[in-house]
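Reader: I am new to reading protein models. Could you take one part and go through it closely, then show me how the rest compares?

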Amino acid sequence: MLGFLKEPVVVTAEINVNLVALTVMGLISRLWGLCYPRAVVFDEVYYGQFVSLYMKRIFFVDDSGPPFGHMLLALGGYLGGFDGNFLWNRIGAEYSMNVPVWSLRLLPALAGALCVPLAYQILVELHFSHCSALGAALLILLENSLITQSRFMLLESILIFFILLAVLSYLKFYNLQKHSAFSGSWWFWLLLTGVACSCAVGVKYMGLFTYMLLLATAGLHFWNMIGDQNLSNISLLCHFLARGLALIIIPMGLYLSFFYVHLALLYRSGPHDQIMTSAFQASLEGGLARITQGQPLEVAYGSQITLRNVLGKPVQCWLHSHTNTYPIRYENGRGSSHQQQVTCYPFKDVNNWWIVKDPGMQQLVVSNPPRPVRHGHIVQLVHGITTRYLNTHDVAAPLSPHSQEVSCYIDYNISMPAQNLWRVEIVNRESDTDVWKTILSEVRFVHVNTSAVLKASGLSGASLPEWGYRQLEVVGEKLSKGYHQSMVWNVEEHRYGKSQEQKEREVELHSPTQMDISKNLSFMAKFTELQWKILTLKNEDTEHKYSSSALDWITMDTNIAYWLHPTSGAQIHLLGNVATWASANAAALVYLCLSLWYLLRRRRKIYDIPEDAWQLWMSAGGICAGGWAVNYLPFFLMEKTLFLYHYLPAVTFQILLIPVVLQHLGDHLCRSVLLKSMLSALTVAWLSSVYFVYCTFSPLSYGQPALSPAELRALRWKDTWNILIRKQ
């Protein structure tokens, strides 16, 4: 029974020495001196703030993209024991001892290092020689810009890693298609393709470009499968469903999971949640939740409420009034109603409270049982402190003369009767009998007499002059097409009014609510709102010293100074390897010209290269040249501040194209021994120049050793490069 123990257990394994050596060299190049400099480097000042917020579980919104990349950076901080206590206020600030610099920079560095073996494997899976694959990996290894970007708490190296992983996984899956369809390895690589694509998109939306490229490639391959008569209809259906599951359904589910974890981690209120709706804010611990917890859900006649404008940008504001009146005449000579001012005020204040009144009754308290207000009901809104009614009439607004002035009505015994009836329209209702709900309902107030809609026009324009205390204008919008968010309001704070006497009511308005009932949004509701904010909330793009245009990237006419030592000449710059970038441009041009030439010749039934070589040429170009195009050309359509690091995913694909073109030239165009020898010699000389440029600019990639002013001037190979030289 134990006879198997008589023989030794032998395990054999194949080890690709090239792959191991490249991985080790990649790790050394990215991890060496990772803690240097122990100071904030460029956009670490930006991402570090989010890492601190993760450590403290405080909610934030970053309009630059999804949260997965931020969570990976925060994971590094968590593994290093970071407590989040550091003031990320300026580039160059020295890190305090509680900041685990090595841990925070570790994951981007590992991702950058693993891009080297990934490049090697991609070329192998494209059926190019191991020599070409080795060349591609060495070019990625010696690329100064990728080294610099990988060694700090930045996201581009992580993005490029997942992009290359997605491409490699799909190529491995495709190569298994003919002989091992639906095998375990086939499923593994197909599923990993979808996972890697989702992770790439989850790091930055730039990952969508490569995801779309792979979806198009998969669609083209499946289209070719449809023409294969050896495949049955059932088999084709299974292939289609497998691809749909792995490349669409699973990535979507994984993308949702990033937000689920993000929202589960960030459950505390913070400064960023003010741009979210009242319902979202109330779901966070602290902040608005402490104020609104336990409020009555249904708004009733007699309810005391504050009304927040749903738009919430550039600032959140609440419907507000005070005892001051509009001036009799404005600066431009136009007259006003001289009624009590109504504004939108960006701070919480007792003058933000209003009472919902039934026009047919005089009482300002909630009856027992409460009578809820429903969609379509007519109400009057009484200002809680001054007891004047919200009113509008055919008088031009102070800043928006095309709209009606909104005021609280004062009876001057003149021929201007009160017009203070408003119809409640619940925008997000499920039926026409919906009850107006606290926080959850988004409502419009339509003036019964004029059909004007209550609108916070000041959110898109200038604030009122000194007589209006620089508060935001509120108008009655006559042309109320659609449901623009500046016309939509929600009840934020709410209590059932109990005091009929004004003095008692004022005391009541100043006191907090007492009921203890909590309301929470579902995950999908929170996800939808957060996703919409990320896509639509844009900071004002300002010209940056190191911003550039997409045209500047191809010829590398720009650089970015990441860090400067406070006393010596040591500095770090984002600069590419000039020899590699020039060669990548040349390879792209050669590929385009040769492809057009081959296409024209093939149209004339002239086949210069074998069919298998043509298919190899086109498939490699689809991945490498296509990857460069989809990651580069969209930036010409973007209206945002651009930087050189936005080009790194594109240039990575372009670098992979260099050995593709070189091998093609050697295999099919250099047909004599002499020409092949000359090409080999030129390739060796060119690789030597790549290494020379890498060594020359490595002090600017690693920040050490410090260079003298003369040495720094010698590195300014282009007049457009901003190399920092201290005055002696």
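Author: Here is a close look at one helix and its partners, followed by some other spots in the chain.

This is a predicted model. The chain has 728 residues, and 53% of them count as buried. It holds 21 helices and 15 strands. Along its principal axes, the C-alpha trace spans about 105 × 75 × 70 Å. Take the contacts in the chain with a separation of 6 or more. Residues 24 or more positions apart account for 75% of them.

Now go to helix H19, residues 648–669. H19 has 22 residues. From first C-alpha to last, H19 reaches 31 Å. The expected value, at 1.5 Å a residue, is 32 Å, so the two figures are close. How many residues of H19 are buried? The count is 18 of 22, and H19 is thus mostly covered.

What does H19 pack against? One partner is helix H5, residues 130–141. Two packed helices are described by the angle between their axes and the distance between the axes. Take the distance: the axes of H5 and H19 come within 9 Å. Take the angle: they cross at roughly 150°. An angle over 145 degrees counts as roughly antiparallel. H5 and H19 are therefore roughly antiparallel to each other. Their crossing is right-handed.

Which residues meet there? H5 brings Ser132, Ala136, Leu139 and Ile140. H19 brings Thr652, Ile655, Leu656, Ile658, Pro659 and Gln663. By class, this contact of H5 with H19 has seven nonpolar residues, three polar and no charged. Look at the numbering along each helix as you read these names. An α-helix has 3.6 residues a turn, so residues three or four places apart point the same way.

Stay in H19 and find His664. Is His664 buried or exposed? Its relative accessible area is 4%. Buried means under 20%, so His664 is buried. What touches His664, once neighbours within four places in sequence are left aside? The contacts are Leu594, Tyr598, Ile609, Trp617 and Leu669. For a sense of scale, pick Glu156. His664 and Glu156 are 508 residues apart in sequence. In space they are 31 Å apart, C-alpha to C-alpha.

Some of those contacts lead to another helix pair. Helix H17 covers residues 578–603, and helix H18 covers residues 611–632. Their axes are 12 Å apart, and the packing angle is about 140°. That makes H17 oblique to H18. The crossing of H17 and H18 is left-handed. On the H17 side, the contact uses Tyr591, Leu594, Ser595, Tyr598, Leu599 and Arg602. On the H18 side, it uses Glu611, Trp614, Trp617, Met618, Gly621, Gly622 and Ala625. These residues divide into eight nonpolar, three polar and two charged. Leu594, Tyr598 and Trp617 take part in this contact. Leu594, Tyr598 and Trp617 also touch His664.

Next, some loops. Most residues other than glycine have a negative phi, and most peptide bonds are trans. Keep that rule in mind for the next four spots.

Two spots have a cis peptide bond. Tyr36 and Pro37 are joined by one, with omega about -5°. Pro37 sits in the loop between helix H1 (17–31) and helix H2 (44–56). Asn368 and Pro369 are also joined by a cis bond, with omega about 5°. Pro369 lies in the loop between strand E4 (353–357) and strand E5 (378–383).

Two spots have a positive phi in a residue other than glycine. Arg470 has phi near 60°. Arg470 is in the loop between strand E10 (453–455) and strand E11 (472–473). Met556 has phi near 50°. Its loop runs between helix H16 (550–554) and strand E14 (560–564). Met556 is buried, with a relative accessible area of 2%.

Finish with Ser64. Where is Ser64 found? Ser64 is in the loop between H2 and helix H3 (68–79). At 34% relative accessibility, Ser64 counts as partly exposed. Ser64 touches Tyr46 and His70, not counting residues up to four places away in sequence. Ser64 and Val203 are 139 residues apart in sequence, yet 9.8 Å apart in space, C-alpha to C-alpha.

Terms used: Residues are numbered from 1 along each chain as its sequence is written. This is a predicted model: local features need pLDDT of at least 70, side-chain atom pairs count only at pLDDT 80 or more; totals for chains, interfaces and linings use all residues. Side-chain values use heavy atoms; hydrogens and water are left out. Axes are lines fitted to C-alpha atoms, for helices over the stretch in contact, and angles run from 0 to 180 degrees between N-to-C directions. Helices (H or I, at least four residues) and strands (E, at least two) are DSSP runs, numbered from the N terminus. Angles under 35 degrees count as roughly parallel, over 145 as roughly antiparallel, 65 to 115 as roughly perpendicular and the rest as oblique. A crossing is left-handed if the near helix is turned anticlockwise from the far one by less than a right angle, and right-handed if clockwise. Contact means heavy atoms within 4.5 Å. Ala, Val, Leu, Ile, Met, Phe, Trp, Tyr, Cys and Pro count as nonpolar, Asp, Glu, Lys and Arg as charged, and the others, Gly among them, as polar. Buried means under 20% relative accessible area, exposed over 50%, partly exposed in between (1.4 Å probe, protein chains only).
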